[in-house]
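Here is a chain whose labels I would like to see justified one by one. Please take each term that is applied to it and set it against the rule behind it.

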Amino acid sequence: MKKTAKVMLIACVLVMIYATVAVAAVPSDSVIIGNKAFAIAYLTDPTHASEIQEALDNADPGSMWYSIDGMTTGWTGIFTGSSATAPEIAAFPEIQYRDAQGSLATYAAGNGDVIPGGGDVAFEVVDIY
């Protein structure tokens, strides 16, 4: 009985150590340019070239990162090719993210959660009288 309990305890500890934590952070398959982030599909659409160019013009070269499923294991520096360290990720600013459809979401600094109401605000006037 004691041996079974030890095995179960070790198994639980290993699961807790190696389990990933689900966090709402800027999605992978994206590029961060300064305080803006773009889904790859949005970034490569030529109709958004002026928005991308503006982000590039206003960004510090050290604040450009990419994360692509199957190619990277997290955020990687565009110019360094090195994986971002925990302090570098913690230093990420509040980021405005455009998904592939162009919808805007804002993520808290440090690659944090989505900020409610931090995206596009859409409304329509149905009737005023």
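The questions and answers below go through this predicted model from its overall layout to single residues.

Q: What makes up the chain, and in what order do the elements run?
A: The chain holds four helices and six strands, and read from the N terminus these elements follow one another as α-β-β-α-α-β-β-α-β-β. Of its 129 residues, 26% are buried.

Q: Why are β4 and β6 said to stand at the edges of the sheet?
A: The six strands form an open sheet with mixed pairing, in the order β4-β3-β1-β2-β5-β6. In that sheet β4 (76–77) and β6 (104–107) each have a single partner strand, so one side of each is left without a neighbour.

Q: How do you know that β5 pairs with β6?
A: Two strands pair if there are at least two bridges between them, and four bridges join β5 (residues 95–98) to β6, so the rule is met, with the two strands running antiparallel. Among the residues involved, isoleucine 95 has tyrosine 107 of β6 as its bridge partner, while arginine 98 stands opposite leucine 104. The two strands form a hairpin with five residues between them, and glycine 102 in the turn has a positive phi of about 95°.

Q: What makes β2 and β5 a pair, and are they parallel or antiparallel?
A: Three bridges join β2 to β5, and since at least two are required, these strands count as paired; they run parallel. Lysine 36, for instance, has glutamine 96 in β5 as its bridge partner.

Q: Which strands does helix α3 touch where it packs on the sheet?
A: Helix α3 (residues 49–58) touches β1 (30–33), β2 (36–39), β3 (64–67) and β5, and its direction makes about 145° with that of β2.

Q: Which residues touch the most other members of the largest nonpolar core?
A: This core has 20 residues, and Val26, Ile32, Ile33 and Trp75 touch the most other members. The elements that give two or more residues to the core are β1, β2, α3, β3, β5 and β6. Leaving aside neighbours within four places in sequence, isoleucine 33 is in contact with residues including Phe38, Ile52, Leu56 and Met64.

Q: Why is arginine 98 called buried?
A: Buried means under 20% relative accessible area, and arginine 98, with a value of 19%, falls under that cut-off and is therefore classed as buried. Arginine 98 is found in strand β5, and its side chain makes a polar contact of 3.5 Å with the side chain of glutamate 51.

Q: Why does tyrosine 42 count as buried?
A: The relative accessibility of tyrosine 42 is 5%, and because the cut-off is under 20%, this residue counts as buried. Tyrosine 42 is found in helix α2 (residues 40–43), and, not counting residues up to four places away in sequence, it touches His48, Glu51, Arg98, Asp99, Ala100 and Gly102.

Q: How do you know that a polar contact joins tyrosine 42 and glutamate 51?
A: A polar contact needs a pair of N or O atoms within 3.5 Å, one able to donate a hydrogen and the other to accept it. The contact that joins these two side chains is 2.4 Å, so the distance satisfies that limit.

Q: How far apart are tyrosine 42 and aspartate 99 in sequence and in space?
A: In sequence these two residues are 57 residues apart, and in space they are 6.6 Å apart from C-alpha to C-alpha.

Notes. Residues numbered from 1 in each chain as written. Predicted model: local features only at pLDDT ≥ 70, side-chain atom pairs only at ≥ 80, totals over all residues. Heavy atoms only, no water. Buried < 20%, exposed > 50% of the residue type's maximum accessible area, 1.4 Å probe, protein only. Contact = heavy atoms within 4.5 Å. Axes fitted to C-alpha atoms, helices over the stretch in contact; angles between N-to-C directions. Core = buried A, V, L, I, M, F, W, Y, C linked by side-chain atoms within 4.5 Å.
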